[in-house]
Amino acid sequence: MRGDDPEFDAWVDRARAGSFLQAIELCEFMPAKGQAQRNDRAGPCPACGGTDRFAVRFNDRVFNCRHCGARGRDALSLALVGEKISFVEACEALTGEPKPSHTRDETPEERAARHERRRKAEAAALVAAEKQARQIEADRRRSLESADRLWGRGGSLVNSPIADYFGHRDIRPLPPGIENLRFVSDLPYYVEVDVERGGDIETELRVIHRGPGMLGRIQAPAGRIIGVHRTWFDQIFSADNPKGRPHLFHPQTGKALKTKKVLGEQHGGAIRLVRGLDWRGNVPTGFPGDMIPPTRMFLAEGVETLLSVYLALWRDRSPLLDRAAFWCGINLGNLQNIRAPKPIAEVILLGDGDSDPDDTTKALGRAEASFTGQGCRVARLMADRGKDFNDMLRAS
Ligand SMILES: [Zn+2]
């Protein structure tokens, strides 16, 4: 067809040179969460699905699916991935001009063939989506089982290197009543790496570090374990590493890696660090009639923050400890998902001053609304600007 009609060819060339942004709308590409504004966007392939196999790089005007091989360097090819629209429609949309009028129309055969290709692509995408849903469920179950196993491997934190780690952060001596933390000496750190196999890029897991680690048991509101929070820390503590955690980097991207991760789930879960003390610091023994159910809950994002506040109150023999539980919500966004068990009537939200102030304020606002809705009085306690509660403890 090319060459028969210069006017038509010029129109198609203008479509190829069109906007990538418009093209991703035409093929209905939806980048994964958090990537919508980036130059590099990855997400499900408009033709074959998946979660992140399709990538578009705007600066270089390239796109690529590592599964079905859809790839190209022009807006028209991009718009046609998955064939959500016809060739002519794509050209019209990208150029903003109707098809040059004297060129021939799609024949009935071409039209039928196009519909058939589209029907097949949609059926394949449906099968892929179902397979993916089953895969996600299987992965979820597997990670829950490994979280359970990992927790079972953990030993007591008393006299373990965890106490040294906390000591390095000036959280010492450890006050009584701390639960749901365990120690493992050789916690493996896995990362996903890309490996080439027969011309295909596949992802596999690789251990890049093993070292001492702290486990925190994450419990759902009803008490069931849903995940394990892992913190990697250094073997030997030095003054030039005040956080006491290893510096880990991705072997392929060089990106600095987090030294805290969750295995399993965290949504709505919490690490219940302290069950509830009376103001003399007595730990409930658990015998019937001797329980001291907490009426107040301190809630923070991180274990270190929470323990820093707990220790400071403990040193002062603060009346705020009276029947107070201390829960770690793992991340700021999760605080609003936590349910305060009865008879807790007061929630004190602890906000670090070293995170983005806007994010912190918004997340604490949502948590406050949630606990107010649960019938609790809510107070916020903010660390000094630029600091977290552990910094404040160390300075005191
Ligand atoms: Zn694909």
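Domain bounds here come from an automatic or database domain assignment. On that basis the chain is divided into domain 1 (6-125) and domain 2 (154-184 + 213-395). The C-alpha centres of domain 1 and domain 2 lie 48 Å apart.

This is a predicted model, in which local features need pLDDT of at least 70, side-chain atom pairs count only at pLDDT 80 or more, and totals for chains, interfaces and linings use all residues. Residues are numbered from 1 along each chain as its sequence is written, and side-chain values use heavy atoms, with hydrogens and water left out.

**The zinc site**

Four cysteines hold donor atoms for the zinc ion: C45 (SG), C48 (SG), C65 (SG) and C68 (SG). They lie 2.2 to 2.3 Å from the ion. Donors are N, O and S atoms within 2.8 Å of the metal (3.2 Å for Na, K and Ca); water is not among the atoms, so sites may look incomplete.

Why is the arrangement around the zinc ion tetrahedral? Because the four donor atoms subtend angles of 105 to 116°. Four donors count as tetrahedral if all angles lie between 85 and 135 degrees. The ideal angle for four tetrahedral donors is 109.5 degrees.

In sequence, the donor residues follow the spacing C-x2-C-x16-C-x2-C. The pair C45 and C68 links distant parts of the chain, 23 residues apart. C45 is in strand β1 (residues 40-45), while C68 is in the loop between β3 (62-65) and β4 (71-72). Helices (H or I, at least four residues) and strands (E, at least two) are DSSP runs, numbered from the N terminus.

C45 is buried, at 5% relative accessible area. C68 is partly exposed, at 39%. H67 also lies in the loop between β3 and β4, and it is exposed, at 54%. Buried means under 20% relative accessible area, exposed over 50%, and partly exposed in between (1.4 Å probe, protein chains only). The C-alpha atoms of H67 and Q374 are separated by 47 Å.

**Empty space**

On a 1 Å grid over the protein atoms alone, a cavity is a set of points where a 1.4 Å probe fits but cannot get out; a pocket is an open set with protein on both sides within 12 Å along at least five of seven lines; lining residues have an atom within 4 Å of a point. Grid points are joined across faces, edges and corners, and a volume is the space filled by probe spheres set on the points.

The structure holds one cavity of 30 Å³ or more. The largest cavity is lined by E301, L332, L350, G351, D352, S355 and T360. The second largest pocket has a volume of about 650 Å³. Of its 23 lining residues, the closest to its centre are R245, K260, E301, G302 and I330. Two elements, β8 (260-264) and α7 (303-315), give two or more residues each to this lining.

**Backbone oddities**

Most residues other than glycine have a negative phi, and most peptide bonds are trans. The table lists places that differ in this model, two with a cis bond and two with a positive phi.

| Site | Value | Loop |
|---|---|---|
| R172 to P173, cis | omega near -5° | P173: between α6 (161-168) and β5 (181-197) |
| K342 to P343, cis | omega near 0° | P343: between β11 (324-328) and β12 (346-351) |
| D170 | phi near 65° | between α6 and β5 |
| R317 | phi near 45° | between α7 and β11 |

D170 is partly exposed, at 23% relative accessible area. R317 is partly exposed too, at 42%.

How values were computed
Tetrahedral: all angles 85-135°; square planar, octahedral: opposite > 155°, others 65-115°.
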